[in-house]
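Reader: I'd like to know where the labels on this one come from. Could we go through them one at a time, each with its cut-off?

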Amino acid sequence: MENHLEIEFKNVLTKDEFIRLQQFLGVTENDFFLQVNDYFDTDDFALKKAGCALRIRTKEGHMELTLKEPNDEGLLETNEPISEVERDLLLEHKFFPKGAIEKKLKSMQISLKKINHFGTLTTSRAEIPFYEGLLVLDRSFYLKKEDFEVEYEVTNPKAYKHITRLLTSLNIPIRKTENKVQRFYNEWRKKRSV
């Protein structure tokens with residue numbers, strides 16, 4: 001198990017802004033890799049209501065179960081490697097893997113048997129070291145939707161000045177941006193209400 005504090009700036013982009021930023025940074029198609037996120041919650045969104053998110057991320061053949069929880073500064077991430085068998089048991093049979101995340105969910109009084117797979121979001125991602133952090137370009141696909149964003153992962157929120165300066169210099173507006181799981185669930189709700 002691994003815990004770390006996630007402090008990141010997010011800004012949703014148009015496709016044109018994404019391409020402009022990619023070109024400015026010299027990022028080529030060869031710099032992108034795929035990662036797949038499977039999202040989970042209860043039917044009544046108990047995790048979302050608690051400000052949490054639960055996912056399995058598959059990247060470069062490795063799988064990791066992640067619980068994100070609110071924290072004074074950013075989000076606290078608890079990560080546990082899981083096997084393909086454990087992932088399949090959770091996806092197909094709601095059999096939750098043993099570990100720290102299981103214990104945290106139980107302490108939050110979340111019924112593990114009520115946790116459902118809500119869907120998959122696939123991201124084409126490029127990561128670039130940038131000043132005091134890591135700049136991330138994401139092109140995501142979910143529920144027949146495509147979106148674009150830039151993230152700036154830092155250990156000190158004061159470093160956000162570097163990304164805001166970059167976006168301003170490229171005439172890209174700073175936008176209030178929900179995280180991927182929030183955007184995914186918003187789209188999921190839209191599809192359900194149609």
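Reader: What makes S6 and S7 a hairpin, and how many residues are between them?
Author: S6 and S7 form a hairpin with two residues between them. The strands themselves are DSSP runs (E, at least two residues; helices are H or I, at least four; both are numbered from the N terminus). S6 takes in residues 115-130 and S7 residues 133-142. Strands count as a pair if DSSP finds at least two bridges between them; S6 and S7 run antiparallel with nine, so they qualify. One facing couple is Arg125 and Asp138, the latter in S7.

Reader: Before we go on, what kind of model is this?
Author: This is a predicted model, where local features need pLDDT of at least 70 and side-chain atom pairs count only at pLDDT 80 or more, while totals for chains, interfaces and linings use all residues. Residues are numbered from 1 along each chain as its sequence is written, and side-chain values use heavy atoms, with hydrogens and water left out.

Reader: Back to that turn: what is the phi of Tyr131, and is the residue buried or exposed?
Author: Phi of Tyr131 is near 50 degrees, a positive value in a residue other than glycine. As for the label, buried means under 20% relative accessible area, exposed over 50%, and partly exposed in between (1.4 Å probe, protein chains only). Tyr131 has 62%, so it is exposed. Gln109, in the loop between H4 and S6, also has a positive phi, near 60 degrees. With 74% relative accessible area, Gln109 is exposed.

Reader: Which other strand pairs with S6, and in what sense?
Author: Strand S2 (residues 33-42) pairs with S6 in the antiparallel sense over 10 bridges. Within that pairing, Leu34 has Ser124 of S6 as its bridge partner. Just before S2 comes the loop that follows helix H1 (15-25), and Glu29 sits in this loop. Glu29 and Ala126 are 97 residues apart in sequence, yet their C-alpha atoms are 8.7 Å apart in space.

Reader: Why is the contact between Asp138 and Lys180 called a salt bridge?
Author: The rule asks for a side-chain nitrogen of Lys or Arg within 4 Å of a carboxyl oxygen of Asp or Glu. Asp138 and Lys180 come in at 2.6 Å, N to O, so the label fits. Asp138 is in strand S7 and Lys180 in helix H6 (residues 180-193), so the pair ties together parts that are 42 residues apart in sequence. Asp138 is buried at 0% relative accessible area, and Lys180 counts as buried too, at 7%. Both belong to a network of salt bridges that also includes Glu8, Lys10 and Arg125.

Reader: How many salt bridges does the rule give, and which residue does Lys104 join?
Author: The count comes to 18. Lys104 joins Glu69, and their closest N and O atoms are 2.8 Å apart. Lys104 lies in helix H4 (residues 100-107) and Glu69 in strand S4 (residues 62-70), so this pair ties together parts that are 35 residues apart in sequence. Glu69 has a relative accessible area of 16%, which makes it buried. Glu187 and Lys190 form another bridge, at 3.5 Å from N to O. Those two are three residues apart in helix H6, so they are separated by about one helical turn.

Reader: What makes Val85, Leu89 and Phe95 a nonpolar surface patch?
Author: Patches take residues with over 30% relative accessible area and no salt bridge; like charges are joined within 9 Å, nonpolar side chains (Val, Leu, Ile, Met, Phe, Trp, Tyr) within 5 Å. Leu89 makes the cut at 31%, and that value counts as partly exposed. Leu89 is in helix H3 (residues 84-93). The patch comes to about 280 Å², with areas from the Shrake-Rupley method (1.4 Å probe; for residues, only the protein chains shown count as cover).

Reader: How do you know that the radius of gyration agrees with a compact globule?
Author: The radius is taken over C-alpha atoms, and the globule rule is 2.2 Å times the number of residues to the power 0.38. With 194 residues, a compact globule would be near 16 Å; the protein has 17 Å, so the values agree. Of the 194 residues, 46% count as buried.
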